[in-house]
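Grab a pencil and have the model open beside you. Here are a few exercises, each with a solution worked through in steps.

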Amino acid sequence: MKLVKNLTVAAALLISAIGLANGTTTDFGKKIVAKYEVEKNLVKVNLDPVFVKKGQKIMMNLLNVSKGKVLLKVYDSEDRLVFDEAIDGDIVVEKAFNFEKAFKDEYTIVVVDKFGTYKETVVVR
C-alpha cells in the first residue's frame with residue numbers, strides 16, 4: 001500500500017512538473033515564455049549586398065537565396081554604362097571592381113536582384 005502511495009505521489013509530481021515546463025511562467029507580473037523554447041525571429045538574414053572599399057577597389061558580395069538573375073552595372077557621372085554583367089543561378093555572387101586605372105570621375109555600382117536595387121558610389125580622384 002505504501003509503495004502504491006509513493007508511486008502515485010511521484011507520478012503526480014512528474015506530471016505537474018512536465019505541465020509547468022511546457023507552459024508559461026509569470027515573472028514580476030510579466031508573462032514570459034519558457035526558456036527552452038526557440039524564438040522564431042532569432043536570426044534575421046540580411047539579403048542586401050555588402051560593399052567593402054579598399055583604396056580604389058570595391059568588393060561586392062551578395063547572398064542570392066533565390067538563385068535568380070543578378071544584374072551588375074557600373075555608371076559614370078553622366079549616366080553612361082561602363083560595365084554590365086548578368087549572373088544567373090549562383091547562390092553567392094562575388095565581384096571585385098578595380099578603379100585604380102579609371103578616369104577621374106564618380107562611378108555608381110548598381111546591383112539588381114529579385115529583392116531590390118542597390119547602389120554604391122565611388123569617387124576616383
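**Exercise 1.** Find which residue in S6 stands opposite tyrosine 75, then describe how S5 and S6 pair.

*Solution.* Start at tyrosine 75: leucine 81 in S6 stands opposite. Next, look along the strands (DSSP runs of E, at least two residues, numbered from the N terminus). S5 and S6 pair in the antiparallel sense over seven bridges; for strands to count as paired, DSSP has to find at least two bridges between them. Finally, check the turn: S5 and S6 form a hairpin with five residues between them, and aspartate 79 in that turn has a positive phi of about 60 degrees.

Before going on, note that this is a predicted model: local features need pLDDT of at least 70, side-chain atom pairs count only at pLDDT 80 or more, and totals for chains, interfaces and linings use all residues. Residues are numbered from 1 along each chain as its sequence is written, and side-chain values use heavy atoms, with hydrogens and water left out.

**Exercise 2.** Work out why the pair of phenylalanine 83 and phenylalanine 97 is classed as it is.

*Solution.* Aromatic rings of Phe, Tyr and Trp (its six-membered ring) pair if their centres lie within 6.5 Å; planes under 30 degrees apart are stacked, over 60 edge-to-face, and the rest tilted. The structure holds two such pairs. In this one, the centres are 5.8 Å apart and the planes sit at 85 degrees, so it's edge-to-face. Now place the rings: phenylalanine 83 is in strand S6 (residues 81-88) and phenylalanine 97 in strand S7, 14 residues apart. As for exposure, buried means under 20% relative accessible area, exposed over 50%, and partly exposed in between (1.4 Å probe, protein chains only). Phenylalanine 83, at 27%, is partly exposed, while phenylalanine 97, at 6%, is buried.

**Exercise 3.** Give the strand order of the open three-stranded sheet and find the residue opposite methionine 60.

*Solution.* The order is S3-S4-S7, with antiparallel pairing. The edge strands are S3 (50-54) and S7, as each pairs on one side only. Five bridges join S3 to S4, and phenylalanine 51 stands opposite methionine 60 in S4.

Then follow methionine 60 further. Beyond its neighbours within four places in sequence, its contacts (heavy atoms within 4.5 Å) include Leu72, Val93, Phe97 and Val111.

Note on methods: Helix = DSSP H or I, 4+ residues; strand = E, 2+ residues; numbered from the N terminus.
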